[in-house]
Amino acid sequence: MAYRPSKKLKKTLLGGGAVVVLAGLNAPAALSFAEAKYHAYKIAQPGYKARYGSWQQLDVPDEFRLNAIHAALLHTGKVLLIAGSGNNQKKFDAGTFETILWDPVKNTYKKIPTPEDFFCAGHSQLPDGRLLVAGGTARYEVLDGEVKRAGGGMRVKNESPDKAITLKKGTVFRSPSGVEYVSKFDVTVPKAKRDFRISYFKSGQMKPWETKVTAAEARVFVEARKEGPRALTTEAAQYKVLGLKGKDADNVYGIAQKLTTEKQDFQGIKAAYEFDPRAEKYVPVAPMKDARWYPTLVTLEDGKVLAVSGLNDVGDVVPGDNEIYDPKTKKWTKGPFRYFPTYPALFLTQGGKLFYTGSNAGYGPAEKGRVPGLWDLRKNTFQPIRGITDPDQLETSASLLLAPAQDQKYMVLGGGGVGESELSTARTALIDLKAAKPAFRTGASLPQGTRYLSSVLLPDDTVFTTGGSQQYRGRSGSDILKAQFYEPVTDSFREAAEPTVGRNYHSEALLLPDGRVATFGSDPLFDDKDNTKLGTFEQRVEIFTPPYLYGGGAEARPVLGEGPQELDRNGRATFRTKDAARITEARLMRPSAVTHTTDVEQRSIELGLTKGSGTVTVEAPLDRTLVPPGWYMLFAVDKDGRPSVAKWVRVG
């Protein structure tokens, strides 16, 4: 049937100055042009926006565009966008590390001096509103066929109980056969441990003091000075450290077993910093014991932070050595031992255990550490929870704690096969941890198999999901220009307005204090369906305005007026408002810190609500496993699900 534009569309096209020969609209090119114009007209209508929402691209000045790898909302209302070297080898080699601070209200931008390469670091919100950033990149990967010199991990031993020793980058290790290897980083080896012992003769008399010295150890990545097969080795050997003299030469040596020209993975750093939202700068704190690249940082009930997994300083997955940061002392201590693949999705549950949904970002063997379960940190026991559909496709899946947090219901969305697998799943899975025997059940399906899906809790208790791709890193033009709302009450998805910017690997989305959702980043392998044009990092920023902000205008939103910035000892706070009569609910929402589809910070807590004459009083649970200490956005919500602009309040 011939296409016949409506009178309204004719008026729109002609009135807009478009040169259109309406009689020729049956031609395919003209049809496409007319359809595009009609679509633009349709999505701009108030009725459409009130049902589906709308998207808007920000006009970001060129000097402030960056490869957003990490995004975190601060209690000042500003968003910290961290690139580090931004998955750009040239910037890494040049030491060009970037961070931008964006003010969504004023739409202003500020460059932040970035002291380390925080590319693929971890981050967590601290009780005082600072953001802990730990780990990052020490070395970029070198792929198979591109490794020219043998390399690998060198274990550096120190047998001196009297002093630690530091070997600078460029230190030479010589093998028994004379082959030399050069260290790529500084390494400090602690002093050896000296144990004093008392023993006895058979007669019961005391023997003299005996001492036992246990050598200390640290690791460093080394690379052969020269190319060639002579530097390849798979047998353990002891290596002399050149340049050391006297006792140091005897006490300090290297041990290596496997030095090869196989693919060399990314390597992590130990550095840790707090970003101060008031001073708007990074402040150094004690480094971690282990280097970490792709770690997860999760806030605990006491405000401390657990750092888990990551690739270490020789490119191996940290084998289970986790550590805990104390924001009071600014130092790290040993945490419970447990292995996970990189960027595991770990959520603090009511009661204090951590729930591992199985979502992760990929590095690690396919058969290890990928089963979901409950981790009791105190006992260091792990209760596996099996039964999830497509268990082999949890990599690059999204996970979140559904609202309200009191219900302890969790959701896993999409995901793909391990590594560069072509597999992706439309599966969602739900689990109620309050059930007598928690078990996954299959939820409503996504429109198609999806990896890297961004999933954001909204103040009306729905979940906004957007972007992702069907194949690994958007291969074959598989970015998904769709968005949906998930309704937990009915376990169903409903359509949302379509984004115009594709988002896959290295993309983020987070809730803003005004109720909108900001989206950043994307790092496709290729920019075309035929996989012939190398991908370009997506630097455009796009904002989604949900339907609840349309219909009635800004004045239709409930407004919270004057009130405290901190909940009292009973978890209460009173705010002035002329809208008390129509406010029906209140939510306390923790700000996001998101990367690689991993956001274990966001949670939405239902608040008690008492109305007075021109006031509302909210009351939060006192359970810190449910409401970890820190700054939160407080939203008042009316009967139509329309939220106020958030007030920032602190939970002590």
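Which residue stands opposite Ile605 in strand 44? Keep that question in mind as you look through these close-ups of a predicted model; the view of the four-stranded sheet gives the answer.

**View 1. The whole chain, built from five helices and 48 strands.**
Start with the full picture before zooming in. Along its principal axes, the C-alpha atoms of the chain fill a box of roughly 105 × 65 × 50 Å. A compact globule with 652 residues would have a radius of gyration near 26 Å, and the 28 Å of this chain agrees with that. Buried residues make up 55% of the 652 residues.

**View 2. An open sheet of four strands, in the order 44-42-47-48.**
Follow the strands across the sheet and you will find that the pairing is antiparallel. Strand 44 (604–606) and strand 48 (647–651) stand at the edges with a single partner strand each, so one side of each has no neighbour in the sheet. From one strand to the next, the twist averages 35 degrees. Now look at strand 42 (residues 583–589), which is joined to strand 44 by three bridges in the antiparallel sense. Here is the answer to the opening question: Leu588 is the residue that stands opposite Ile605 in strand 44.

**View 3. An open sheet of three strands, in the order 41-46-45.**
The pairing in this sheet is antiparallel. Its edges are strand 41 (572–576) and strand 45 (608–612); each has a single partner strand, so one side of each is left without a neighbour in the sheet. The twist here averages 20 degrees from one strand to the next. Try tracing strand 41 alongside strand 46 (residues 615–619): the two run antiparallel and are joined by five bridges. One pair to find is Ala573 and Val618, with Ala573 standing opposite Val618 in strand 46.

**View 4. Strand 23 (residues 305–308), covered on both faces.**
Are the residues of this strand buried or exposed? Val305 and Ala307 lie on one side, Leu306 and Val308 on the other, and all of them are buried. To be called buried, a residue must have under 20% relative accessible area.

**View 5. The strand partners of strand 23.**
Strand 22 (residues 296–299) pairs with strand 23 in the antiparallel sense over four bridges. Across this pairing, Leu297 stands opposite Ala307. The two strands form a hairpin with five residues between them. In the turn, look for Gly303, which has a positive phi of about 90 degrees. Strand 23 is also joined to strand 24 (residues 323–326), by three bridges, and these two run antiparallel. In this pairing, Leu306 stands opposite Ile324 of strand 24.

**View 6. The largest cavity, with a volume of about 120 Å³.**
Which residues lie closest to the centre of this cavity? Of the 15 residues that line the largest cavity, the closest to its centre are Ser454, Ser455, Val594, Thr597 and Asp599. Strand 30 (398–401), strand 34 (454–457) and strand 38 (507–511) each supply at least two residues of the lining. Sorted by class, the lining has five nonpolar, eight polar and two charged residues. In total, the structure holds ten cavities of 30 Å³ or more.

Methods:
Residues are numbered from 1 along each chain as its sequence is written. This is a predicted model: local features need pLDDT of at least 70, side-chain atom pairs count only at pLDDT 80 or more; totals for chains, interfaces and linings use all residues. Side-chain values use heavy atoms; hydrogens and water are left out. Buried means under 20% relative accessible area, exposed over 50%, partly exposed in between (1.4 Å probe, protein chains only). Two strands pair if DSSP finds at least two bridges between them. Axes are lines fitted to C-alpha atoms, for helices over the stretch in contact, and angles run from 0 to 180 degrees between N-to-C directions. On a 1 Å grid over the protein atoms alone, a cavity is a set of points where a 1.4 Å probe fits but cannot get out, and a pocket is an open set with protein on both sides within 12 Å along at least five of seven lines; lining residues have an atom within 4 Å of a point. Grid points are joined across faces, edges and corners, and a volume is the space filled by probe spheres set on the points. Ala, Val, Leu, Ile, Met, Phe, Trp, Tyr, Cys and Pro count as nonpolar, Asp, Glu, Lys and Arg as charged, and the others, Gly among them, as polar. The radius of gyration is taken over C-alpha atoms; the globule rule is 2.2 Å times the number of residues to the power 0.38.
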